[in-house]
Every structure is written in structure tokens, then in C-alpha cells.
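Visitor: Please take me through the largest nonpolar core. Which residues touch the most other members? I would like the surroundings too.

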Amino acid sequence: MISETTTTSPEADAVPPPGPAPAKKRVPKGAKRLLTRRDRITLAFMAGVPTVLHVALVWVTALASILLAFTSWDGIGFSSIKWVGLANFKELFNDNPQFWPALEHNVIWFVVLILLPTPFGLFLAVQLDKNIRFSRVYQTAFFLPVVMSLAVTGFVWQLIYNPDTGLINSLIGANKPGHYIDWIGDPHLNLWAVLIAASWRHSGYMMILYLAGLKGVDPSLREASALDGANEWQTFKNVIFPTLRPTNTVVLVVTIIESLRAFDLVWVFNKGAQGTELLSILITNNIIGESSRIGYGSAIAVVLLVISLAVIIPYLIATFRKERRA
Amino acid sequence: MPDFSLPAASRRSVLRGIGGAAVLGAGIPLLSACGSSGSSSDPKTVTLGSNASDAVPKKAFASVYADFKKTSGITVKVNTKDHNTFQEQINSYLQGTPDDVFNWFAGYRMQFFAAKKLATSIDDVWAKIGDNFPDAMKKLSKGEDGKYYFVPLTTYPWAIFYRKSVFTAKGYTVPTTWDELVALCKKMKSDGLVPIAFGDKDAWPAMGTFDQINFRLNGYDFHKSLMAGKEAWTDPKVKAVFDHWAELLPYHQDGFMGRTWQDAAQGVVSKKSGMYLLGSFVAQQFTVKADLDDLDFFPFPVINTAYGQDTVEAPTDGFMVSKAPKNHDGVVKLLEYLGTPAAEQLYLKTDPSVVAASSKADTSAYSPLQKKAFDMIGAAKSLTQFMDRDSRPDFTSTVMQPGLQKFLQNPKGVDSLLSSIERQKKTIFASS
């Protein structure tokens, strides 16, 4: 008797069974009412397919390339995979004349992007936030390079830098024998030339991010600081900029990612010739193509992965710690 | 009429729809990646993987296959891919379900796939077509095991191109020795010309210069074995190649690192540059008929009299058979047909930028330039294929291309460069 009263849940009482049959069928309550079997299958499927894809395309491939970094493999048949231990890394660090320059260029890429186009993008955003005339036109103009594919950007800048017929050399008369300025080929110049193109694009990107951030700043803050007698620069420095903190973190992460994955622009520009070597291009050169050096290329990819993790993990830890505190 | 009006979408049907879309989305790329797996073994069809994505070669090949169908009744089903993509994907293509026959290059790049058992030997075809080709072509068509794997169709030479009118106007004569070449360069420079047009933005043109100096100076055998990784790059013989090159470098066109070969060729078109060492495809840049008729070439001058001018760099394109062709009889018939001078002539009718690989081809329709190229290749004792076809592609693209560019920018650092190349070569050739 007692057991019977406990098993009848209040809900079951509220809805009296229409016939004698349903009362017998007792499934653990909770999930039962919300989701039918078919719902559960569908949901399992919806969660399962992306999980399988994610695991297969992200985790398995990442782990596979880490494993491959310790092998030598030409990509033909699994039987030709040979375990070589650390040989790929030794060769990379000691014998590859392109590796250290590539690493250096990736770092320069980041430093330049964070020092020049990022503040410039912020500057543009602040100007555009003032609702000046034709603000939309400017916004579009500055943002256009971001919309364009990087390959197109590379192509356009190539026309500007072409040693014989390019815009710059034609204007300054540097396309005659003895006076050549080889923007694309000269290893002392080409990285900077390509960085100008990258910055041109990056400032538009940063402008949009900051503009979005600025739109979220409470107008009463400005009013208050105006009432306190702060001038425009003081308002910006002491009131507006500190409220942009979340945007700044996004900007920092985006810029780091941009500089680590820099590839398309340079690839179109000069395929990463001397002066513009980048890690991503070394990986591509070694892996893509016939009789590829997949093991060696993977070793470079692992170096890039380690660098990315070294940058991203501290950031994530800091963010989560902050969230927990909040 | 069926009722298409939708009831208000229930939560469940939306879920189902999303799930279905996810499955489709995941499935479609996987299926399409399988490529031509569905093709049957129809005895009247031969499948062919083609890299002839450019309009002119594509049309030229189509005319050849149409003629083959007329004579044999066998249809060639062509699967054309973008030229560079085809090349980059060749590994996975040949391991997957390749077409019966595919376009490829002679030389090491062919031997590599033969050695990896990704190609079928075609000695039976060569028993019939062997007489059509000179010995140098036969050598090019064999794998390392001595069996035939390749049927050549067309070829073209590398040489020094110049404009006859420029040479006549200034009273220049074609140099036949190294010293004459250097003297001519000096003369051109004082006449206000750029002696040697050059553009190395794409990194491969420099390999052509290295090849020429190396086989003129050290001979075909050394060149071949250097390319095969059997000689040391630190050998004084190799150093001597770079010394010769450095002597010529001041006469090369400035700013070459950022210039494409097309732009460099424009200097010859506009008579600002005197000479240009390149493949005969340079003629593509001569769009005006009068300019094209004015174009001529001479073989790279003699450096070492022991070897004279016995070697010609003549990259050769043709066909190979994949590891397990579905229609073997049809493939043999097709290749026997492609190995005839008639098929080559038909191809050249549409694409006159190359010449026939067979020595028996009818040359009456050739332009003087083609005729000269054909004779030069036919008379060569040995033919090379270009550095990236004669050596491991991974070595040439990841070590030699940047290495040569480095040399061009800093000719004095050649010693450390060569030892760096040698170290990298050892590990690359040691693998697999």
C-alpha cells in the first residue's frame, strides 16, 4: 500500500489515465515527457554528427599530424611511413635555412600589425563614431579591403609593386636599369612591402571591431566626463578606452591569429621567396605537391601549433579565471 | 494537384530537417571526392586524366581523341583538371581510382611513379611504336628498371632567344663559346641594351640557367647524376658552375626577383633586351606576326669542348598508364595510336608552340622556329627535362628554388649555400 502511494507521482494524479493500460507502463520520469524516443534519436544524431565530424576533422587530424611529425612519409601508401624520431625537428632547427627567418617574419608580422594598423584602426573608428558627414561612405571604403579576398588583395598590390610596370616604380622612375627598386624580390624590402598591404587590410578590420565596441559605450559616460570638464583626449584616454577592454582582448587575439596564419597574401605576392618566408608557407611547400614530405611538413606544423598554444592557452586561462572571479 | 501547403512546421520536423541537412552536408563532399570510381569497364571506352586545362592544348587533344575514335571506335573519356592542381594532387590521384591513362612528364617524375608501382609498364606498346622515336626519347621513356612507362607526344627546347633584327642592326654574331658570350654581353651593355633578360619571381627560371651551365661545363652524365642526388653539391665541379654563372650575372636584367618570365620576355619584344635564355614558349609573348618572325634562337654556347653542345634541355610531355587500367586492350590501342607521327601532327595543328617528339613526324607545316627546334632536339645526343623534372620535386621546390634565389642575390655566399644544399639533399634523398 505504502509503495503504491509513493510511486504515484502528483503529475500522474493530475492527469487521470484515460484507460487502464497506460498506468502500468512506468518509465523513469523526467526525460520521458519532454522527449519522445524519436526526439532523442534526432537529438543524438544532431549532437553526434557534429561531434564525429569535429573529432574526425579537428582532433584526429591534429593528432595524426603530431604523430606524422616524427615520421618520414611521401604520402604514397601507409606502408611507406617510417618512424624517424626527432630527425625532422633536428633537420628543421639545424639545416633548414628558411625556418628561422620564417619564424622571425611571423613575429615581425604580429609586431607590425599590433603597432601600426591596430591603433590606426582605432583612430579611424573614433573619428567615424563622431557621426561626421559621409560616415557610411568612409566606413565602406575602409572596410572594403577586408571584404576582398586576400588573394585579390595580393594581386592588386602586386600591380602596384611590379618592378617594371608597377605604379610606384613608374611614378618615381625606378624602373630603369641601374635604378631598380625590387619591391617584390629584394629580401630587405619585400617583407615591408607586403606588410603595408597587410596593414591596409588589417586597419579596416580593426576599425570595424572598435567601431562596434564604441557603439556600445554608454553615452552618459561621455556626458559625465564632459560635465567634469575633461577635454576630448582626456575623455578618450580615461573614460572611453578603459570601457573598450573586451574589444581590446578580441583585437589582440584576432591579431595574433592573423599573424600566425598569414599566408594567402604572401603566397600570391611572391610565394614566400627569400625575405618573406612564413611558417605557413613552409608547411605548404613541404606538404602540398608531388612526392610530398609529409612528415617534415608536419614537423613545421607542430612548431606552429605549439606557438599557437603557447599564446592561446595563457589567454584562455586568464579569461576563465576572470570569469570565475566575476 | 498535390497539396504543397505546409502545416506550421512542428519542432520535430524542423529537427529532422536539420539532421538530414547535416547528413547530406557531410556526405556530399565525401562522395564527390571518390571521383571517377563509378566508371565501368566498357571495352569501347578508355578514361584519361588530363592536365591540359588551357584552351589551346585542350582543343588540340580533343582533335586527337576524335580522330582516334574514328579509326578505332574507342571513345576517350577525358577528365580534365586544372594544370597545377593536377600536378599537386598527382600522389593521391594515382593512389585512388585514377583514369586508365594520364598526362605526365618524362624523366625522374615519371620514373618515380613507376618505381612506386603506380604505373603500368607498356613494353608491348613500344614494341610497335619504338621505330618512331630517336634513342634519346627512348631513354626518356624508360623507368629505372629498364621497362617503358611513357609515350612521349610533344617536346620543346630551352635555348637563348634573340631578335634577328637586333643582331643585324648592331652587327652581333651568334656566340658559340663562353668567351664569345661574355664578350657579346659586354658589347650589348655598352650599346645600351640589357644583355640577358631575366625574371625569377616564379623561382623556376633560374633552374634553367643552372642546367645549361652545368651540362655544358660538366657534361650530361654528371648533370644527371647530380640531379639524382648521387653527386655532392659541394663538389668543385658544382662550384665552378656557380662561378661561371656569377661571371654572367652582372649582365642579367636588374630587379629579376620580382619579375615574371612574361614581363622579362616583353623586354625582348620591345628590343630593350638582347637575349633571353628560356624555353621556346617565350614565343607566346610575341603576339605580332612580324615580331614572331623576327625571333630566333641559338643553343647555349660551348663551355667545355669535351661536351660541346651535345645536350639539349627538352622537356617532354606525354602519357602514362595508371596501375590498374580497367580497359587494358583499349589503353594499348590508344597509346599505339598516340605514339604515331600522325597523332603528333594532328596535335601540333592546333598547338604550334611545341614540336613532335617523334623523329618521323612531318615537318613541312612547321614554322622556321619550330623546324629549328625540331632539328636541334633530333640531333641531340642526350636530352634533359629541366631540373624539377630530372630530380625529386620535393628537393627542387623546397631546397633548390630558394637556394638559387639566394645565390642570385648574394653570389659571394656560394660556399655556405652549397654546403647547406648538400646537407638538405642528404636527408631528402635518404628518405624513402
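Guide: Here is a walk through that core, followed by a sheet and the contact between the chains. The model is predicted.

Start with the core. The largest nonpolar core holds 157 residues. Three of them touch the most other members: B:Phe161, B:Tyr276 and B:Leu334. The top contributor is helix 17 of chain A, residues 294–325, which gives seven residues. Chain B takes part through two domains. Domain 1 (38–155 + 316–375) and domain 2 (158–313 + 392–430) of chain B both supply residues, so the core lies between them.

Now zoom in on B:Tyr276. Setting aside neighbours within four places in sequence, B:Tyr276 is in contact with B:Ile160, B:Phe161, B:Ile196, B:Ala197, B:Ala264, B:Ala265, B:Val268 and B:Val282. Another core lies apart from the largest one. That core has 13 residues, including A:Leu128, A:Phe142, A:Tyr205 and A:Leu244.

Next, the sheet. Chain B has an open sheet of six strands, in the order 2-1-3-10-4-11, with mixed pairing. Strand 2 (75–80) and strand 11 (355–356) of chain B are at the edges; each has a single partner strand, so one side of each has no neighbour in the sheet. Strand 11 of chain B pairs with strand 4 of chain B (residues 150–155), antiparallel, over two bridges. There, B:Thr155 has B:Val355 as its bridge partner.

Last, the contact between the chains. Chain A brings 41 residues and chain B brings 41 residues. On the side of chain A that touches chain B, helix 4 of chain A gives the most, with seven residues. By class, that side has 15 nonpolar, 15 polar and eleven charged residues.

Methods:
Residues are numbered from 1 along each chain as its sequence is written. Chains are lettered from A and ligands numbered from 1 in the order in which they are written. This is a predicted model: local features need pLDDT of at least 70, side-chain atom pairs count only at pLDDT 80 or more; totals for chains, interfaces and linings use all residues. A nonpolar core is a set of buried Ala, Val, Leu, Ile, Met, Phe, Trp, Tyr and Cys residues joined through C-beta atoms within 7 Å. A residue is buried if 20 or more other C-beta atoms lie within 10 Å of its own, exposed if 12 or fewer, and partly exposed in between; C-beta atoms are placed from the backbone. Helices (H or I, at least four residues) and strands (E, at least two) are DSSP runs, numbered from the N terminus. Domain bounds come from an automatic or database domain assignment. Two residues are in contact if their C-beta atoms, placed from the backbone, lie within 7 Å. Two strands pair if DSSP finds at least two bridges between them. Ala, Val, Leu, Ile, Met, Phe, Trp, Tyr, Cys and Pro count as nonpolar, Asp, Glu, Lys and Arg as charged, and the others, Gly among them, as polar.
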